[in-house]
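Hello,

Here is the structure I promised to pass on. Please open it first, then read my notes beside it.

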Amino acid sequence: MHFVEVAVQNVRGFSPAGRFAFKTGYLVLKPPTPELSPLAGLSLALLYADGRGGDAALAASTQKAGKAALTFVGQDSVTYRVLRELGGGGSLHRLNPATKQPELVTQDTAEANQFLRGQVGLPPRTTFEQLFCLQAAQLPSRRPRGGARASTSGLRALSSPGMPAMRSPTSPGMAHSSPGMSISSPGVIPVSDIPAAEAKVRELEKELVLCREVDNLQFEVDGLNSQVFDLESKLRGTDGLKEKVRQAEEAWNAEPTPESFGLPQDIVARAERYPRSLARRDEALARLESEREVAEEEAQRLPDIEPLVRNRNFWIAVAAGVACFAVSFSFSDWARYVALLDIPAFGFAAVLAMRYVDELQDRDRLGRRKEMFAVREKKILEEFEAEAGPVRKALEVFDVDTPKEIPLRLQRREQLGAEVAQLRAELVSVEKHPEFQEAIRQLPVLRQQIELLNAKISEKGAFVRDLREVERELARLKESIALARNPQLAGMGMAGADLAGGGMEPLEDPAPLVLGLAGDLLATDVAAVIGMMRERCVQYFSALTERRYVGVEWDRDGRTMVVTSAGRRVPVGELPPREVDLFFLSLRLTVVEKVSARVKLPLLVEDALVGLDESRLPLLGRMLKHLGTLTQVLHVTPHPGLAQLSDGPVSV
């Protein structure tokens, strides 16, 4: 299960109105005001509404009602959305996977709670609140103690005049009131060789100076590393855009082109011209057919042609002409006049011959027109085929019915090309921005400075202890020398420690409740939970306390004993409050890590790390980031260093 989005309106600790999307991993939520955003309280109000209107206290203003909505993916991998008017009613919706539309599940509060428990997989409210909501108020040091046997004022009353007030175990270290007067810390014994100890003090003081120098250099390196991280983050800001460009180019190159299908480049224009080409072809064929019909009518109107050799009138005219010509050979005068008649006879025969030739020419002309019609029809069809053939091939290739669908199949590539051009222009614009160019210019300079500082650190020594460790050793050694010179202070220190230890009730052991709830969630007994948690809890606790504690033991009821590096077993409630808090955090992180292997629920942290040593915050941030690889971790904090460690800050 993980949260997808929170939408708020008039909710305390959030922006006046807004929608905030969450991804998986370790996310830092930056509140808009110094007041921490009550993410855990709002989530509990939405997921475990009791219908009594108590969630109205989350509204930022009483003048109008607050509204909130939580979108999350349940254990059944279905997306749900809870909407509620703070102090009023609400509804539960489910996203239909098929239609991608929300569907109303119920508007009844009791029915919604039952559905979330049974179908969605939410644990009981107490389990979710105590295991997956980490708030500052839950720290053992901020809970009331069981009772006090003696007050701090009573301790001060037991102190003798002129003696320093004995310190409570909650304040580690020594109190000094005058030179040479001190109360020994527990576990400090007088030295046997004072000169050797004083020589050791001088060595430690030199080491302390060296450690401070190295610490200052390391502080500068950390600051420069922070700047480098910011600049690299700014430069990596284009990684997402570059990835979009790469993906768009791949999609564009993978999209089919006309050439890849053996089609001409102008297939789209051809497809658009296809209706006009088809109309022109049909019009030309219709015109040709009309002319052909006219020619056929003309051919039908022509009479049948009788061959000239069978024309009787032709032969009579020829015979008459020949006869008249033959008479001209006689020697009679009248015969010469008769011979003149051969002229009209031969002329009539010539007229008949010429008419026959004309009829033959008409027949030949009509025959040639028929051949011309065939040639014109072939040419029309060839021209249309040259234009429309690729279109018909495209219809087969793209498996579409009409040429209008061809541009739609190729339009995707044009859209992708336009998208690629737009993304490239956007990338160039970002990379040419003055801030981006300044980051490119500053980054190598800062890295060079870091290399110089690291070289200086290396010159100081290959291994330098932690500054606080040297300070502690030096303080304890000086205290041992003081005890060796003034032995009566040792007894006073032990008495003061006894008085201080007896003046307060120990803090509550958080383990029984947490282990019991973890056992209920995993449906197993406390003994099995202890076996599952022990090793990892020791690792967390040892790391957070700089290895002052090397073991954790639980009895059958879950009560805790911790083992110090010196081998002493101490009830966890008797530790200094801050170390009890560190144990509590170690246990809670262990439970989330182990439980997430079976049941994934988001971890909501409302800055429970406030008040802890700054030196431990980076380590705790890395621990939370590790948990973010197992389940969703939403951390509400204004701390900038933790935001840098997160997978993505979200301003709420």
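Below is what I found, grouped by topic. Keep in mind that this is a predicted model.

**Strands**

Start with strand β16, residues 648–651. Its side chains alternate. G648 and V650 point to one face and are buried. P649 and S651 point to the other face and are not buried. That fits the general pattern: in a regular strand, side chains alternate between the two faces of the sheet.

Strand β16 has a partner. Strand β3, residues 26–30, runs parallel to β16, and 4 bridges join the two. Across this pairing, L29 of β3 stands opposite V650 in β16. V650 is one of the buried residues just mentioned.

**Aromatic pairs**

The structure holds 8 aromatic pairs. Two of them are worth a look.

One is Y80 with F115. The arrangement is edge-to-face, with 5.9 Å centre to centre and 65° between the planes. Y80 lies in strand β5 (residues 79–85) and F115 in helix α2 (residues 109–120), so the pair ties together parts that are 35 residues apart in sequence. Y80 is buried, because its relative accessible area is 1%.

Another is F541 with F583. This pair is edge-to-face as well, at 5.6 Å centre to centre and 80° between the planes. F541 sits in helix α16 (residues 526–544) and F583 in helix α17 (residues 577–595), so the contact ties together parts 42 residues apart in sequence. Are these two rings buried or exposed? F541 counts as buried, at 1% relative accessibility. F583 counts as buried too, at 0%.

There is also an aromatic cluster. Y48, F128 and F132 form it.

**Charges over rings**

Two arginines to check here. R281 lies over the face of F384, at 4.5 Å from the ring centre. The charged end of R536 sits over the ring of Y540, 4.6 Å from its centre.

**Salt bridges**

Side chains of opposite charge can pair when their charged atoms come close. How many salt bridges does a search of the whole structure find? The search finds 19.

Take E205 and K478. Their closest N and O atoms are 3.7 Å apart. E205 lies in helix α5 (residues 194–236) and K478 in helix α13 (residues 467–485), so this bridge ties together parts that are 273 residues apart in sequence. Both ends are partly exposed: E205 has a relative accessible area of 34%, and K478 is at 41%.

D557 and R559 meet in another salt bridge, at 3.3 Å, N to O. D557 is partly exposed at 43% relative accessible area. R559 is partly exposed at 48%.

There is a network as well. Salt bridges link E5, R19 and R81.

**The loop between α16 and β11**

E546 is in the loop between α16 and β11 (549–554). E546 has a positive phi of about 55°, although it is not a glycine. R547 is found in that loop too. Phi of R547 is also positive, near 65°, and R547 is not a glycine either. For context, most residues other than glycine have a negative phi.

Which residue forms a salt bridge with E546? The partner is R548, with the closest N and O atoms 3.7 Å apart. Accessibility along this stretch is as follows. E546 is partly exposed at 34%. R547 counts as exposed, because its relative accessibility is 60% and the cut-off is over 50%. R548 is partly exposed at 27%.

**Surface and a long-range contact**

V322, F325 and F346 make a nonpolar surface patch of about 260 Å². F346 lies in helix α10 (residues 342–398). F346 counts as partly exposed, at 35% relative accessibility.

Finally, look at P506. P506 is in the loop between α14 (488–502) and α15 (511–522). Its relative accessible area is 35%, so P506 is partly exposed. P506 and L575 are 69 residues apart in sequence, but 8.0 Å apart in space, C-alpha to C-alpha.

Best wishes

Notes
Residues are numbered from 1 along each chain as its sequence is written. This is a predicted model: local features need pLDDT of at least 70, side-chain atom pairs count only at pLDDT 80 or more; totals for chains, interfaces and linings use all residues. Side-chain values use heavy atoms; hydrogens and water are left out. Buried means under 20% relative accessible area, exposed over 50%, partly exposed in between (1.4 Å probe, protein chains only). Two strands pair if DSSP finds at least two bridges between them. Patches are made of residues with over 30% relative accessible area and no salt bridge: like charges are joined within 9 Å, nonpolar side chains (Val, Leu, Ile, Met, Phe, Trp, Tyr) within 5 Å. Accessible areas come from the Shrake-Rupley method with a 1.4 Å probe; for residues, only the protein chains shown count as cover. A salt bridge is a side-chain nitrogen of Lys or Arg within 4 Å of a carboxyl oxygen of Asp or Glu. Rings of Phe, Tyr and Trp (its six-membered ring) pair if their centres lie within 6.5 Å; planes under 30 degrees apart count as stacked, over 60 as edge-to-face and the rest as tilted. A charge sits over a ring if NZ of Lys or CZ of Arg is within 6 Å of the ring centre and within 35 degrees of the ring normal.
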